[in-house]
Amino acid sequence: MNNLLIKLVVNTLSVFITAWIMGNAVHLDGFGTAILVAIVLALLNVTIKPLLILFTIPATIFTLGLFLFVINAVVILMADNLISGFAVDGFWWALVFSFVLSFVNSLLNSLGKEERPQQ
């Protein structure tokens, strides 16, 4: 439970920071909306995204995996439609949001990990 809560906080901060970085292209009403976006994105990534990946295997193979970025943008646009306080200004901005969100999330996750001594 504690690990899940930490992941939710990191994802919420990632959404909030990414929306702030992207300024005019992504609109977020506040930190409470960022929490909701993080939860909805997690739920969509667990439920809908695997189905989208399964249905688009030929396109993913043909593009050597680059089509997965399109799927990430579609999932973000789904979250945009589900949450009234969150808006992305189109597909291309959703794609950029996906890249920036992944980068910020990786950065925050790396800051939180402590280094273990080599054995």
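Here is a friendly walk, in questions and answers, through a predicted model of a protein chain.

Me: In what order do the helices and strands of the protein chain run from the N terminus on?
Reply: Let's start with what there is to arrange: five helices and two strands. Reading the elements of the chain from the N terminus on, the order is α-β-α-α-α-β-α.

Me: What share of the residues in the protein chain is buried?
Reply: To picture the whole chain, imagine a box of roughly 45 × 40 × 25 Å along the principal axes, filled by the C-alpha atoms. A residue is called buried when its relative accessible area is under 20%. Among the 119 residues of the chain, the buried share is 34%.

Me: How much of the contacts with a separation of 6 or more comes from residues 24 or more positions apart?
Reply: A contact here means heavy atoms within 4.5 Å. Taking the contacts in the protein chain with a separation of 6 or more, the part owed to residues 24 or more positions apart is 60%.

Me: Which elements do the buried residues of α5 pack against?
Reply: Helix α5 has 22 residues and spans 31 Å from first C-alpha to last, close to the expected 32 Å. Its buried residues include Ala94, Leu95, Phe97 and Ser98, and also Val100, Leu101, Val104 and Asn105. Their packing partners are α1, β1, α2, α4 and β2.

Me: Is Val96 of helix α5 buried, partly exposed or exposed?
Reply: Val96 sits in α5, which covers residues 91-112. Its C-alpha atom is 9.9 Å from that of Thr18, a residue 78 places away along the chain. The relative accessibility of Val96 is 33%, and since partly exposed lies between 20% and 50%, Val96 counts as partly exposed.

Me: Which side chain of opposite charge is nearest to Lys49?
Reply: Lys49 belongs to helix α2, residues 31-55. Beyond its neighbours within four places in sequence, Lys49 touches Leu44, Ile71, Asn72 and Val75. A salt bridge would need a distance within 4 Å. Lys49 is buried and has no salt bridge, for the nearest side chain of opposite charge is 17 Å away, and it belongs to Asp80.

Me: Which residues does Ala87 contact, leaving aside its neighbours within four places in sequence?
Reply: Ala87 lies in strand β2, and it is partly exposed at 26% relative accessible area. Its C-alpha atom and that of Val75, twelve residues apart along the chain, are separated by 13 Å. With the neighbours within four places set aside, the contacts of Ala87 are Ala25, Val26, His27 and Asp80.

Me: Where is Leu64, the residue that has a positive phi although it is not a glycine?
Reply: The phi of Leu64 is about 60°. Leu64 is also exposed, as its relative accessible area of 78% is over the 50% cut-off. Its place is the loop between α3 and α4.

Me: Which element gives the most to the lining of the largest pocket?
Reply: The largest pocket has a volume of about 320 Å³. Its lining has 13 residues, and the closest to the centre are Leu4, Lys7, Leu8, Asn11 and Ala42. At least two lining residues come from each of α1, α2 and α5. With six residues, the element that gives the most is α1.

Note on methods:
Residues are numbered from 1 along each chain as its sequence is written. This is a predicted model: local features need pLDDT of at least 70, side-chain atom pairs count only at pLDDT 80 or more; totals for chains, interfaces and linings use all residues. Side-chain values use heavy atoms; hydrogens and water are left out. Helices (H or I, at least four residues) and strands (E, at least two) are DSSP runs, numbered from the N terminus. Buried means under 20% relative accessible area, exposed over 50%, partly exposed in between (1.4 Å probe, protein chains only). Lys and Arg count as positive and Asp and Glu as negative; His and the chain ends are not counted. The expected span of a helix is 1.5 Å times one less than its number of residues. On a 1 Å grid over the protein atoms alone, a cavity is a set of points where a 1.4 Å probe fits but cannot get out, and a pocket is an open set with protein on both sides within 12 Å along at least five of seven lines; lining residues have an atom within 4 Å of a point. Grid points are joined across faces, edges and corners, and a volume is the space filled by probe spheres set on the points.
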